[in-house]
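Let's take a walk through this protein together. Keep the viewer open and turn the molecule as you read.

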Amino acid sequence: MARRYRLPSVDPFLIWLVGTIVLASILPARGVALAAFDIAADSAIVLLFFLHGAKLSREAVLSGIGNWRLHLMTLAFTYALFPVLGLAAARTSGLVIDPALAQGILFLALLPSTVQSSIAFTAMAGGNVAAAVCSASLSNLVGIVLTPLLVALFIHSGGAGEMDGLGSVQKIATQLLLPFVAGHLLRPVIGKWIDKHKKLLQPVDRSSVLLVVYSAFSAAVANGVWQRVGLFDLGVLLLASSVILAIVIAVNGVAARFAGLPREDAIVLLFCGSKKSLVSGVPMAGALFAPAQVGMVILPLMIFHQLQLVVCAWLAGRYRAEAEAAMSPPRAEECRSA
């Protein structure tokens, strides 16, 4: 019986993102309204990272933390291979597109991995879920400190943008790190309630990102973003994202085989080492770049976000189908031929 292949579905969140950009382009917030949206976005980000800390199960992290070789490989992909590819892509694309968009390509390469989708795809593919929880969480913890340092080193040190070093550190600490730590420390008190009401709290992730995107693009529209970005630029961003993701996935497979990782751990390396976090990246961009730059900087990340979801969903389904085929009993025809 012929196997049917379905095209990967579009993430509904992408529709919300596009709708938010359209709304900001038609009705951008200005003056007092923009300041109010900025305050609301900052408050949502604080709540978001507080909940991330509260949702982080210490038991799950401890159960997977012993696989240190896998976690080091994941960090190497996230904070070594990706930045190298991002530097190359930014310098190449910067010859034909706006420099701010090229900065955005490099910025996305410096971000931590995703948490929820990495774990979800690992579970779907039959990978080591406990190790995925540990790798993805470790990537985000390291990224809160390492990403601003890498941005300062590779982007702002070359005069490619302006950044108030002390102010950025303070914003990262107060909006991201301290709420995360506070949430995790309070997990013994509120953890059960958080776990029980995950579906009710899930909209916080997306609403906080949408608020930041709206305020960022409102400022960008005031600075003529759509006079600077055209279809050619979007095509270059999609091509650069596709090349980066393809190289990372290819090197990932080679590294897993060379290291002799079991199938379950190779799946973790694939999904935790090939993705970048929109949820962490958008607020970090707001803290690390001037308001007028943020809209341009996060545009490449939004394109890469959807691309990685489509590709990883297809890969997870393929791994799952292979596992099910390996576990299924032989067909009658095969038994008779044997």
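A residue is called buried when its relative accessible area is under 20%, exposed when that value is over 50%, and partly exposed in between. With that scale in hand, take Phe37: its relative accessible area is 32%, so it is partly exposed. Please remember that you are looking at a predicted model. The average pLDDT of the protein is 82, and 85% of the residues reach at least 70. Residues 160-164 fall below 50 in pLDDT, and in the model this stretch makes 15 contacts beyond its near neighbours in sequence.

Phe37 also brings us to the aromatic rings. How many aromatic pairs does the structure hold? There are four aromatic pairs. In one of them, Phe37 meets Tyr214 in a tilted arrangement, with 4.8 Å from centre to centre and 55 degrees between the planes. Since Phe37 belongs to helix α2 (residues 31-55) and Tyr214 to helix α10 (residues 198-222), the pair ties together parts that are 177 residues apart in sequence. While Phe37 is partly exposed, Tyr214 counts as buried, at 10% relative accessibility.

Now find Phe107 and Phe289, another aromatic pair, whose geometry is edge-to-face: the centres are 5.4 Å apart and the planes make an angle of 90 degrees. Phe107 sits in helix α5 (residues 99-109), whereas Phe289 is in the loop between α14 (278-288) and α15 (291-327), so this contact links parts 182 residues apart in sequence. Phe107 is buried, with a relative accessible area of 0%, and Phe289 is buried too, at 5%.

These two rings also lead into the nonpolar interior. The largest nonpolar core has 90 residues, and among these Phe107 and Phe289 touch the most other members. Apart from that core there is another one, made of nine residues, including Phe121, Ala125, Leu270 and Ala316.

Next, turn to helix α7, which spans residues 129-154 and contains Ser139. Is Ser139 buried or exposed? Its relative accessibility is 0%, so Ser139 counts as buried. Leaving out residues up to four places away in sequence, Ser139 touches Leu75, Thr78, Tyr79, Pro112 and Ser113. Of these partners, Ser113 is 26 residues from Ser139 along the chain, yet their C-alpha atoms are separated by 6.0 Å.

Helix α9 (residues 187-196) is a good place to look at sidedness. Its residues Arg187, Gly191 and Ile194 are buried. They share one side of α9, because the arc they cover around the axis is only 75 degrees. An α-helix has 3.6 residues a turn, so residues three or four places apart point the same way. On the face of α9 turned away from the buried side you will find the exposed residues Val189, Lys192 and Lys196.

Finally, consider the cysteines. The whole structure contains zero disulfides. For Cys134, the nearest cysteine sulfur is that of Cys272, at 9.6 Å, and Cys134 is in no disulfide. Because a disulfide requires two cysteine sulfur atoms within 2.5 Å, that separation does not qualify. Cys272 is likewise in no disulfide, with the sulfur of Cys134 as its nearest cysteine sulfur. Both side chains are away from the surface by the accessibility scale: Cys134 counts as buried at 3%, and Cys272 counts as buried at 0%.

Methods:
Residues are numbered from 1 along each chain as its sequence is written. This is a predicted model: local features need pLDDT of at least 70, side-chain atom pairs count only at pLDDT 80 or more; totals for chains, interfaces and linings use all residues. Side-chain values use heavy atoms; hydrogens and water are left out. pLDDT is the predictor's confidence in each residue, from 0 to 100. Contact means heavy atoms within 4.5 Å. Buried means under 20% relative accessible area, exposed over 50%, partly exposed in between (1.4 Å probe, protein chains only). Helices (H or I, at least four residues) and strands (E, at least two) are DSSP runs, numbered from the N terminus. A nonpolar core is a set of buried Ala, Val, Leu, Ile, Met, Phe, Trp, Tyr and Cys residues joined through side-chain atoms within 4.5 Å. The arc is that of the directions from the helix axis to the C-beta atoms. Rings of Phe, Tyr and Trp (its six-membered ring) pair if their centres lie within 6.5 Å; planes under 30 degrees apart count as stacked, over 60 as edge-to-face and the rest as tilted.
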